[in-house]
Amino acid sequence: YAGLLIFPAEVGAEGIRAYRDWAAGAPDELTSACRFLTPPPLPDVPEPIRGKPLFVIGAAFIGSEAEGEALIAPLREIGEPIMDTFGQIPTSGLSRVAMDPEQAVPAIGHHALVAELSDDAIDAFAGAAGPDSGSPLLLADLRQAGGALARSPEGAGALDKLDCDFVMYGIGVPMEPDSGAAIAEGLDRLADVMKPWAAEGGFFNFADRPCDLDAILPADTCRRLVDVKRKWDPDDRIVANHAVSLATA
């Protein structure tokens, strides 16, 4: 059971607060996110939402339609949605829930872990990414963490859990050659205003910008990875987006 509730962006910070309070009681079988989104004015975008600032809540639940309907019901009290796409879907449909484009598109992104989504943090997020912010970003997400993401099972690897309540992720699409700088500034502004509530570390899935490995992983994990690198790849033949560097070990 999965889908989206799409509201006018004017629900703003109050919509995020309602979502946060609801997500705090969600079972492990449900994952969700909320976002400010302004779809581009392109023919592929449905007309009711084309080029309009929106507030979107998306969720996916492993369970029956009746159970899913009961779980989602409090979110429908936020207001009258422009679109409501929730329903029982095949697993293969999950990749389309967020309305991401089917084809590859250029994008510039940045992320941060949010330790606590307090009322002040929500006001800061809405101020930097909401309908009155003048943000050049296509979207700014707050993605639910917790649940299995917060637990550390044995043998889980270098990044075994996320110590945060939410993951913040912003994306801008450079539709014009000179828009990249404005998007980068918008991403910086979003990250800067959320710093008071940021958690340590990062999430590889959203680490779009070049960064040192210790910006994502704990120090002791980095030391262990350097030991492995020194033993098995002393000539630095293995190259990755976020590399383990012997030069700084």
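Where is the place of Asp-236? I looked it up and found Asp-236 in the segment after helix 5 (219–232). I note at the start that this is a predicted model.

**Entry: Asp-236 and Met-99**

I checked backbone angles. Most residues other than glycine have a negative phi. I found phi of Asp-236 near 60°, a positive value in a residue other than glycine. I then looked up the cover of Asp-236. Its relative accessible area is 45%, so Asp-236 is partly exposed.

Met-99 was my next stop. It is not a glycine, yet I read a positive phi of about 65° for Met-99. I placed Met-99 in the loop between strand 4 (83–84) and strand 5 (108–114). Relative accessibility came out at 32%, so I logged Met-99 as partly exposed.

**Entry: Glu-102**

I stayed in the loop between strand 4 and strand 5, where Glu-102 also has its place. Is Glu-102 buried or exposed? I read a relative accessible area of 60% for Glu-102, so I wrote down "exposed"; the cut-off is over 50%. I also took a distance from Glu-102 to Arg-224. The two are 122 residues apart in sequence. C-alpha to C-alpha, I get 39 Å in space.

**Entry: Ser-133**

I moved to the loop between helix 3 and strand 6, where Ser-133 lies. Its relative accessibility is 18%. Buried means under 20%, so Ser-133 counts as buried. Which residues is Ser-133 in contact with, leaving aside its neighbours within four places in sequence? I found Ala-126, Gly-127 and Ala-128. I then looked from Ser-133 to Gly-146, 13 residues apart along the chain. Their C-alpha atoms are separated by 29 Å.

**Entry: helix 1**

I went through helix 1 (residues 12–23) next. I tested its length against 1.5 Å a residue. The 12 residues should span 16 Å, and I find the end C-alpha atoms 17 Å apart, which agrees.

How many of the 12 residues of helix 1 are buried? I count 9, so helix 1 is largely enclosed by the rest of the structure. I listed the buried residues of helix 1: Gly-12, Ala-13, Gly-15, Ile-16, Arg-17, Tyr-19, Arg-20, Trp-22 and Ala-23. Two arginines, Arg-17 and Arg-20, are among them.

I then asked what these buried residues pack against. Among the strands I noted strand 2 (30–37), strand 3 (54–61), strand 6 (139–144) and strand 7 (166–172). Among the helices I noted helix 2 (65–72) and helix 3 (119–129).

**Entry: the whole chain**

I stepped back to the full fold. The chain has 5 helices and 7 strands. From the N terminus on, I read the order as β-α-β-β-α-β-β-α-β-β-α-α.

I checked the overall dimensions. For 249 residues, a compact globule would have a radius of gyration near 18 Å; I find 19 Å for the chain, which agrees. Along the principal axes, the C-alpha atoms fill a box of roughly 60 × 45 × 35 Å.

I looked up burial and contacts for the chain. Buried residues make up 39% of the 249. Of the contacts between residues at least 6 apart in sequence, 73% join residues at least 24 apart.

Surface and charge came last. I have about 13600 Å² of accessible surface, with 53% belonging to carbon and sulfur atoms. The chain carries 19 positive and 39 negative charges. I find the mean positions of the two sets 6 Å apart.

How values were computed:
Residues numbered from 1 in each chain as written. Predicted model: local features only at pLDDT ≥ 70, side-chain atom pairs only at ≥ 80, totals over all residues. Heavy atoms only, no water. Helix = DSSP H or I, 4+ residues; strand = E, 2+ residues; numbered from the N terminus. Rg over C-alpha atoms; globule rule 2.2 N^0.38 Å. Buried < 20%, exposed > 50% of the residue type's maximum accessible area, 1.4 Å probe, protein only. Contact = heavy atoms within 4.5 Å. Areas by Shrake-Rupley, 256 points an atom, 1.4 Å probe, with all protein chains shown as cover. Lys, Arg positive; Asp, Glu negative; His and termini not counted. Charge placed at Lys NZ, Arg CZ, Asp CG, Glu CD. Expected span 1.5 Å × (residues − 1).
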